[in-house]
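Me: Could you take a close look at one part of this model with me? I'd like the surroundings explained as well, with the cut-offs spelled out.

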Amino acid sequence: MGRRRWRLTGRCAWPLKKSLFSRQSSCSHLRQGILAWSRYVGSYDKKLYAITGKGKQKWSYETGGAIRGSPAVDGHGTVHVGADELYALTAEGQSKWQYRTGEEPLTAPAVARDGSVYAASSSGMVYALTEA
């Protein structure tokens with residue numbers, strides 16, 4: 001069964017057919033202008049997907065591991081996601097930076113008001129990253 005987006009009317013706005021989406025990954029979204037929205041969702045196929053407001057795939061970015069947590073979007077539109085490393089991507093799907101933890105993060109990244117990115121790993125470490 002594919003994922004479905006529901007409007008307040010209860011009718012399906014569009015189906016999204018991907019059988020590998022992580023059950024722990026929810027959509028994050030970024031407003032880009034009045035009518036253009038992007039939603040971001042991670043998958044077990046090691047990809048982060050950007051989906052338009054009309055349900056079309058905008059882009060995908062392949063990571064080195066399954067994405068089990070939700071992506072986070074900061075105030076500048078940077079999309080942060082954890083897989084085998086922590087990744088920061090532009091709203092267009094280009095890599096900004098990667099940080100290798102040596103283990104897969106267990107939690108979805110969280111972005112603080114100052115832009116710091118926090119994520120916890122399977123060893124119990126909590127990583128706090130800031131852009132230089």
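Is Tyr87 buried or exposed, and what is its relative accessible area?

Reply: Happy to! Tyr87 is buried, with a relative accessible area of 4%. Here buried means under 20% relative accessible area, exposed means over 50%, and partly exposed lies in between, with a 1.4 Å probe and protein chains only.

A word on the ground rules. The model is predicted, so local features need pLDDT of at least 70 and side-chain atom pairs count only at pLDDT 80 or more, while totals for chains, interfaces and linings use all residues. Residues are numbered from 1 along each chain as its sequence is written, and side-chain values use heavy atoms, with hydrogens and water left out.

Now the surroundings of Tyr87. The chain has zero helices and 13 strands; helices (H or I, at least four residues) and strands (E, at least two) are DSSP runs, numbered from the N terminus. Tyr87 belongs to the largest nonpolar core, whose twelve residues are Tyr40, Leu48, Ala50, Trp59, Tyr61, Ile67, Val79, Val81, Ala83, Tyr87, Leu89 and Ala91. At least two residues of this core come from each of β5 (47-52), β6 (57-62), β8 (79-82) and β9 (86-89). A second core, separate from that one, has six residues, including Leu86, Ala88, Val117 and Leu129. For the term itself, a nonpolar core is a set of buried Ala, Val, Leu, Ile, Met, Phe, Trp, Tyr and Cys residues joined through side-chain atoms within 4.5 Å. In soluble globular proteins, nonpolar side chains tend to be buried together.

The rings deserve their own look. Rings of Phe, Tyr and Trp (its six-membered ring) pair if their centres lie within 6.5 Å; planes under 30 degrees apart count as stacked, over 60 as edge-to-face, and the rest as tilted. The count comes to three aromatic pairs by that rule. One of them is Tyr40 with Trp59, a tilted pair at 5.8 Å centre to centre and 40 degrees between the planes. Since Tyr40 sits in strand β4 (residues 37-42) and Trp59 in strand β6, this pair ties together parts that are 19 residues apart in sequence. Tyr40 is buried at a relative accessible area of 0%, and Trp59 is buried at 10%.

Your residue takes part in another: the ring centres of Tyr61 and Tyr87 are 5.9 Å apart and the planes stand at 65 degrees, so the pair is edge-to-face. Tyr61 lies in strand β6 and Tyr87 in strand β9, so here the parts tied together are 26 residues apart in sequence. The partner, Tyr61, also counts as buried, at 15% relative accessibility.

The strands that carry these two rings both take part in hairpins. Two strands pair if DSSP finds at least two bridges between them. On the Tyr61 side, five bridges join β5 to β6, and these run antiparallel; Tyr49 stands opposite Ser60 in β6. Four residues separate β5 from β6 in their hairpin, and Gly55 in the turn has a positive phi of about 85 degrees. On the Tyr87 side, β9 pairs with strand β10 (residues 95-99) in the antiparallel sense over four bridges, with Trp97 in β10 as the bridge partner of Ala88. This hairpin has five residues between its strands, and Gly93 in the turn has a positive phi of about 90 degrees.

After β6 comes a loop worth visiting. Gly65 is placed in the loop between β6 and β7 (72-73) and is buried, with a relative accessible area of 3%. Leaving aside neighbours within four places in sequence, Gly65 is in contact with Lys46, Ala83 and Asp84, where contact means heavy atoms within 4.5 Å. Of these, Ala83 is one of the residues listed in the largest core. Lys46 is found in the loop between β4 and β5 and is partly exposed, at 37%. Its phi is near 75 degrees, a positive value in a residue other than glycine. Most residues other than glycine have a negative phi, and most peptide bonds are trans.

For the wider view, 44% of the 132 residues of the chain count as buried. The chain exposes about 7900 Å², of which carbon and sulfur atoms supply 51%; these areas come from the Shrake-Rupley method with a 1.4 Å probe, and for residues, only the protein chains shown count as cover.
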